[in-house]
Structure formats: C-alpha cells, structure tokens
Amino acid sequence: MNILLPRVLRTLYRKEPISSFILVVGAVDAVMGGVGQRWSLFSFGLFIVSLSMILRWWQVQKAQPIITKDKPRRYLPPSSSNVPLPLLTHDKSRR
C-alpha cells in the first residue's frame, strides 16, 4: 500500500492538474481548520474539496466521446470508372 499510494496519486494529479490542485488546497484548509478548531476554515475547506470533486466529475463527463451511428457520406461513386487517365508527355516542340 505504501508503494501504490504515491503512484496512484501521481497518476490522478497528472490527468487533471487544476482540479487536483483545488482538491489539495481544500484538503489543507480543512485539516488546518479541524486541527485549529476554526470551524469556518474547516467548512470552507470541505466546500472547496466538494467543489473540486464536482469539477473533476464534470471534466470526466465532458471528455467522453459522443457516439453517433450516422453513416459517412460518400462523395465519389461506389465503383470507379475503368477509363484510364491519359499519359502526360513532354513535348519539346511546344516551347
């Protein structure tokens, strides 16, 4: 568990750095308010932690791709014509 926790925290922090930073700030505020018995700081920290969790959930929901079942449009006919293109030749007399 001791080796696994820093690895998981590092992975989560790298995926969403903004919401992770807000989560850390809120957690520090909550701990400081709880230890110092400052209930306004504690409640503010809990509010910030919950706000960061909502922000992270919103970012995850926004990042999921929308699945569409429309067929792609084809601008070319399904079968190509069998007429070959003319060969390009270099005429020296045209100069």
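Me: Which helix does Val25 lie in?

Reply: Val25 lies in helix 2. Bear in mind that this is a predicted model.

Me: Why does Val25 count as partly exposed?

Reply: Its relative accessibility is 34%. Buried means under 20% and exposed means over 50%, so a residue in between is partly exposed.

Me: How far is Val25 from Val49?

Reply: Their C-alpha atoms are separated by 8.0 Å. Along the chain the two are 24 residues apart.

Me: Back to the surface. Which residues form the nonpolar patch with Val25?

Reply: Besides Val25, the patch is formed by Tyr13, Phe21, Val24, Val28 and Met32. Together the patch residues have about 540 Å² of accessible area.

Me: Which helix gives the most to that patch?

Reply: Helix 2, which covers residues 17–35, gives the most, with five residues. Met32 is in helix 2, and so is Val25.

Me: What about Asp29, buried or exposed?

Reply: Asp29 is buried. The residue lies in helix 2.

Me: What is the nearest side chain of opposite charge to Asp29?

Reply: That is Arg38, at 11 Å. Asp29 has no salt bridge; one would need a side-chain nitrogen of Lys or Arg within 4 Å of a carboxyl oxygen.

Me: Then what does Asp29 touch?

Reply: Leaving aside residues up to four places away in sequence, Asp29 touches Leu41, Phe42, Phe44 and Gly45.

Me: Zooming out, how many helices and strands are in the chain?

Reply: The chain has three helices and zero strands. Read along the sequence, the pattern is α-α-α.

Me: What share of the chain is buried?

Reply: Buried residues make up 12% of the 95 residues. The accessible surface of the chain comes to about 9500 Å², and carbon and sulfur atoms account for 65% of that.

Me: And what share of the contacts is between residues 24 or more positions apart?

Reply: 42%, taken over the contacts in the chain with a separation of 6 or more.

Me: Which residues does UniProt list as "transmembrane region"?

Reply: The UniProt entry, which is unreviewed, lists residues 12–33 and 39–58 under that name.

Me: What does the model have over residues 39–58?

Reply: Residues 39–58 are 100% helix and 0% strand. The C-alpha atoms at the two ends of that stretch are 28 Å apart.

Terms used
Residues numbered from 1 in each chain as written. Predicted model: local features only at pLDDT ≥ 70, side-chain atom pairs only at ≥ 80, totals over all residues. Heavy atoms only, no water. Patch = residues over 30% accessible without salt bridge, like charges linked within 9 Å, V, L, I, M, F, W, Y side chains within 5 Å. Areas by Shrake-Rupley, 256 points an atom, 1.4 Å probe, with all protein chains shown as cover. Helix = DSSP H or I, 4+ residues; strand = E, 2+ residues; numbered from the N terminus. Buried < 20%, exposed > 50% of the residue type's maximum accessible area, 1.4 Å probe, protein only. Lys, Arg positive; Asp, Glu negative; His and termini not counted. Contact = heavy atoms within 4.5 Å. UniProt positions renumbered as here; feature names shortened; annotations may be inferred.
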